Amino acid sequence: MSDTSITLTDPSTGKQIELPIIHGTEGAPVLDIGKLHKEFGYFTYDPGFVSTASCQSTITYLDGSEGTLMYRGYPIEQLAERCNYLEVCHLILTGELPNAEQKVAFERTIRNHTMINENLKAFFDGFRYDAHPMAMMTGVVGSLSAFYHDKLDIRDPEHRMHTAYRLIAKIPTIAAAAYKHSIGEPFIYPRSDLSYTGNLLHMMYARPTQEYRLDPVAEKALDVLFTLHADHEQNASTSTVRLAGSSGANPYAAIAAGIASLWGPAHGGANEAVLRMLDEIGDVSNIDKYIAKAKDKEDPFRLMGFGHRVYRNFDPRAQIIKEICHEVLKTYGNDPRMELAMRLEEIALEDAYFVERKLYPNVDFYSGIIYAALGLPVEMFTVMFAIGRTVGWIAHWMEMISEPGQKIGRPRQLYTGPARRDVLTLEQR
Ligand code: CMC
């Protein structure tokens, strides 16, 4: 082994191959195995991609052992404190924070795209009143290519950026329409005089009979939450968007696939699952019983909002969210689930099972309490995550599609089914 390559030897033939070591700007070095099969005859086996970098990316860096998260080099704590969500979107999409002039122009562009085609509104009527809003989100976002195909040339950078604007602008409108449908209230049109999150709150809570009085605490809390959710490198939904888009599928279809992936309880669906879990636990006196269930390998119960594939130290997003949670509850009144969550965290963090496995609260642990305080039903929690993450998905799609020599994503497998056998005739079987 040199410091620039690693040599593998096949014990059965003695044949050797030298695999280059690649270094990124930050993080662990990566072994380039691109020629492994062609020159050596082996594939690699890595279920869940625990050791596999599937791409190069310049967007987000996270260090799970340090609890670090950065977008385009900027630490998440500074972005959450000094920038609003749309500035962060500009950063993620273009690589740089906007100056004052660019900020105004970017906000204007997003505001110009918040309306959805009137015919799209009719889609919601096709869903049953009790449809999960994530099901509506997946369906409606997937259908956007049928409405916005004037700028769908994926090889044209201007078309790609235009699609990014459309998605970031329309996602809150679609989310609010899903919410209004689920409570049987009429759709409320977007307003261009409000902030990104102010407009979302307006579309969710205003009624034709009365204005929604915008609360700056709610507006700010959502804005920071969206910043914290904006990107998280190659998580399941982002990898899904990249894989779906790698075939040349249109970006709306790829993002709809990402939304479907996000919905799972091991991913974005965890924020909904945390609140359901807290309701089920019900009281501090039941915590021990649930901690025991989480540790019991025979019991499928897991402590939702705990653990992360990459963070083996604290999740920096969870720490910021816990602070916002306290701020929001100061205005909206205490929620007994907050006390329950904090006690659960305290007990789990002292328990050897969680300590040894380095399981800490993740981004989803406290976010649900904020959404609940703002009056959102649990079914809408993952939709909020999807709104914030849209910019990350589209930025990764754009990065992937513009790579020179971009290839369709096509993993290999280790086949463990029956060996070759002959088909018997019906009489012989
Ligand atoms: N409760 C109890 N035990 C857990 C938990 C948990 N929440 N998470 C991990 N473990 C255990 C797991 O059983 C395993 O134990 P052992 O080594 O004895 O077999 C060990 O910890 C390692 O876990 P893993 O399942 O191998 O870890 P993973 O990287 O495959 O899974 C995870 C990561 C996030 C899916 C998992 O921690 C989990 O299911 N957490 C609960 C769901 C959740 O909160 N998801 C949100 C993730 S953050 C936001 C997002 O990505 O959208």
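**A ligand site and a small group of strands**

In this predicted model, the side chain of lysine 297 places an N or O atom 2.8 Å from an oxygen atom of the ligand. Two further side chains make contacts of this kind: histidine 267 has an N or O atom 2.6 Å from a ligand oxygen, and asparagine 362 brings a polar side-chain atom to 2.9 Å from an oxygen atom of the ligand. Considered by itself, the ligand would expose 930 Å², and of that area the protein buries 76%.

The surroundings of the ligand can be described further by residue. There are 23 residues around the ligand, and those that come nearest are His267, Arg302, Leu303, Gly305 and Arg309; histidine 267, then, belongs to this nearest group as well as having the polar atom at 2.6 Å from the ligand. Sorted by class, the shell consists of eleven nonpolar residues, together with six polar and six charged ones.

Elsewhere in the sequence, the reader can follow a sheet. Strands in a sheet are joined through backbone hydrogen bonds, and their pairing may be parallel or antiparallel. Here three strands form an open sheet in the order E4-E5-E6, and the pairing is antiparallel. Its edges are strand E4, residues 60-63, and strand E6, residues 74-75, each of which pairs on one side only. Strand E5, which covers residues 68-71, is joined to E4 over four bridges in the antiparallel sense, and within the sheet leucine 62 stands opposite leucine 69 of E5.

Note on methods
Residues numbered from 1 in each chain as written. Predicted model: local features only at pLDDT ≥ 70, side-chain atom pairs only at ≥ 80, totals over all residues. Heavy atoms only, no water. Pairing = 2+ DSSP bridges. Helix = DSSP H or I, 4+ residues; strand = E, 2+ residues; numbered from the N terminus. Near = heavy atom within 4 Å. Polar contact = N/O pair within 3.5 Å; in protein donor to acceptor, adjacent residues only side chain to side chain. Areas by Shrake-Rupley, 256 points an atom, 1.4 Å probe, with all protein chains shown as cover. Nonpolar A, V, L, I, M, F, W, Y, C, P; charged D, E, K, R; others polar.
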